[in-house]
Each structure stands twice: as C-alpha cells, then as structure tokens.
Amino acid sequence: MRPARASCGPPSPFSRRNSARAARPRGIDVAEDIRLDSANNRLLVFAGIANPVIAVNLANGNRTEISGANVGQGVPLTALNGGDVDLDRQIAACADVTMNWLVVVDLSNGDRVAFSH
C-alpha cells in the first residue's frame, strides 16, 4: 500500500485534476511560444501543429481560442513555429512553416493575414 501524499493546498488551476477535458476548446500539443499579456491577465500560446492561438486565463487556467479554425477569418494556421505580440496594437505575428509565410493575427477578432510569403 502506498503512503498518503501530503497536500500543499488546493490544486493549481493548471493541474489535470482541476480541469474537465470536455471543457477545453482545443489541446495544446506543442507550445511553440508563450507570451504574457498582463493587462488582460492571460498567456497567449502559439500552439504548434494544426492548433490555434490560444489565451490561457491566469486566474483559473481556462483556455480560449483567439484565432484558428473556429475563430477569425483569413489564411489557415497549419504549423506555427514561434510568435510574438504587439499588445499596444493588439496584433500577434507568427511563422507558419508548412505554408512558408508569416501570419499577422488581429487579437481582437482572430482574423489572419499572410504578411510575407
């Protein structure tokens, strides 16, 4: 029999025990880049292959799709490799290595434009 584990307080909002799989909009298979958006109390995650740009709420760990197949219009996001944000202008830029272009994402509505291809 295994000894009982000591508890150090309530589970983190990011722990597996604290989140229902069905409530998650999409998985984060490979986080290629993560940027802090402290003004909105969230992390912006560029989630890798066939995944969107996701916001993770710092208070509770909830995920919201910012741009991807279900949010925004424009060029598809197929294989993100890196990304950065300009929070003053509310845009993000990331490289899509499958499509061989840079994509600019409007963080307010999720729309995407191929910037350099």
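Biologist: Hi! Is Arg35 buried, partly exposed or exposed?
Modeller: Arg35 counts as partly exposed, with a relative accessibility of 26%. Here buried means under 20% relative accessible area, exposed means over 50%, and partly exposed lies in between, using a 1.4 Å probe and protein chains only.

Biologist: Anything I should know about the model itself?
Modeller: It is a predicted model, where local features need pLDDT of at least 70, side-chain atom pairs count only at pLDDT 80 or more, and totals for chains, interfaces and linings use all residues. Residues are numbered from 1 along each chain as its sequence is written, and side-chain values use heavy atoms, leaving out hydrogens and water.

Biologist: Cool. Which residue forms a salt bridge with Asp33?
Modeller: That's Arg35, with the closest N and O atoms 3.2 Å apart. A salt bridge here is a side-chain nitrogen of Lys or Arg within 4 Å of a carboxyl oxygen of Asp or Glu. Asp33 is partly exposed, at 21% relative accessible area.

Biologist: Why would side chains pair up at all?
Modeller: Side chains of opposite charge can pair when their charged atoms come close.

Biologist: Which residues are linked with Arg35 in a network?
Modeller: Asp33 and Asp84 are linked with Arg35 in a network of salt bridges.

Biologist: New topic! How many salt bridges does the structure hold?
Modeller: Four. One of them joins the side chains of Arg42 and Asp37, at 2.7 Å from N to O.

Biologist: Are Arg42 and Asp37 buried or exposed?
Modeller: Both are buried.

Biologist: And what about Arg89 and Asp86?
Modeller: Their side chains meet in a salt bridge too, at 2.9 Å from N to O. Arg89 is exposed, at 61% relative accessibility, while Asp86 is partly exposed, at 25%.
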